[in-house]
Amino acid sequence: MYLIDQHAAHERVLYEQLRSGEVERQRILIGYSFSLSPEEEFELQVFLPELTRCGFCLENGGGGEYTITEIPSSASKLPIEHLSRFVRLLAGTKEDFERDVYSGLACRMAIKEGEAIDASSAQDLLERSFRIDPQRCPHG
């Protein structure tokens, strides 16, 4: 018998999807605009391919102004201001990016404690989580 934490299992599945770029995108009705300092803008340019791969589309308005126009579909329930925070959490290495952005997004997009899912979704989550090694959330 297995006892499975559905949040941790879902978080791990989402984390792997973000890392692999196998993410469905969703265009947002009203883009979310924000400003970056020159240093933040430089870091964004370094990691823009990674952000694009994990489901974000950003338009450059010039002068440090950016607009998020597409997000990962799994993140559609999250407030856009919350997502822009992850865009700003760009670090100096790919490992930091994966730890801070991918794991943070996966955690916030995953099924929450007490949230019910139907039997077919539970079965699908179970099957997908057993194909991943290690079978634990990115937070350990």
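This is a tour of one chain, giving a selection to make at each stop and what is found there.

The model is predicted: local features need pLDDT of at least 70 and side-chain atom pairs count only at pLDDT 80 or more, while totals for chains, interfaces and linings use all residues. Residues are numbered from 1 along each chain as its sequence is written, and side-chain values use heavy atoms, with hydrogens and water left out.

**Whole chain.** Colour by secondary structure to see five helices and three strands; helices (H or I, at least four residues) and strands (E, at least two) are DSSP runs numbered from the N terminus. The elements run α-β-α-β-β-α-α-α from the N terminus. Of the 140 residues, 36% are buried (buried means under 20% relative accessible area, exposed over 50%, partly exposed in between, with a 1.4 Å probe and protein chains only). The accessible surface comes to about 8100 Å², and 51% of it belongs to carbon and sulfur atoms; areas come from the Shrake-Rupley method with a 1.4 Å probe, and for residues only the protein chains shown count as cover.

**The sheet.** Select 25-35 and 57-62, which are strands 1 and 2, then add 65-72 for strand 3. Together the three strands form an open sheet in the order 1-3-2, with antiparallel pairing (two strands pair if DSSP finds at least two bridges between them). Strands 1 and 2 are the edges, each pairing on one side only. Neighbouring strands are turned by 20° against each other on average, direction ignored. Five bridges join strand 2 to strand 3, and N60 stands opposite Y66 of strand 3.

Next select 38-53, helix 2, which packs on the sheet and touches strand 1, strand 2 and strand 3; contact means heavy atoms within 4.5 Å. The direction of helix 2 makes about 150° with that of strand 2, where axes are lines fitted to C-alpha atoms, for helices over the stretch in contact, and angles run from 0 to 180 degrees between N-to-C directions.

**E70 and R25.** Still in the sheet, show these two side chains, which meet in a salt bridge at 3.6 Å, N to O (a side-chain nitrogen of Lys or Arg within 4 Å of a carboxyl oxygen of Asp or Glu). The pair links distant parts of the chain, with E70 in strand 3 and R25 in strand 1, 45 residues apart. E70 counts as buried at 18% relative accessibility, whereas R25 is partly exposed at 37%. The structure holds six salt bridges.

**Helix 1.** Select 6-20, which includes H10. H10 is buried at 15% relative accessibility and, leaving aside neighbours within four places in sequence, is in contact with M109, A110, I111 and L125. Then show R12 and E16, a salt bridge whose closest N and O atoms are 2.8 Å apart. R12 counts as buried at 10% relative accessibility, and E16 is partly exposed at 21%.

From R12, go to D133, in the segment after helix 5. The C-alpha atoms of D133 and R12 are separated by 9.5 Å, with these positions 121 residues apart along the chain. D133 is exposed, at 71% relative accessible area.

**Helix 5.** Select 119-130, where F130 is found. D124 and R128 meet in a salt bridge (3.2 Å, N to O); these residues are separated by about one helical turn, because they are four residues apart in helix 5. D124 is partly exposed at 34%, as is R128 at 24%.
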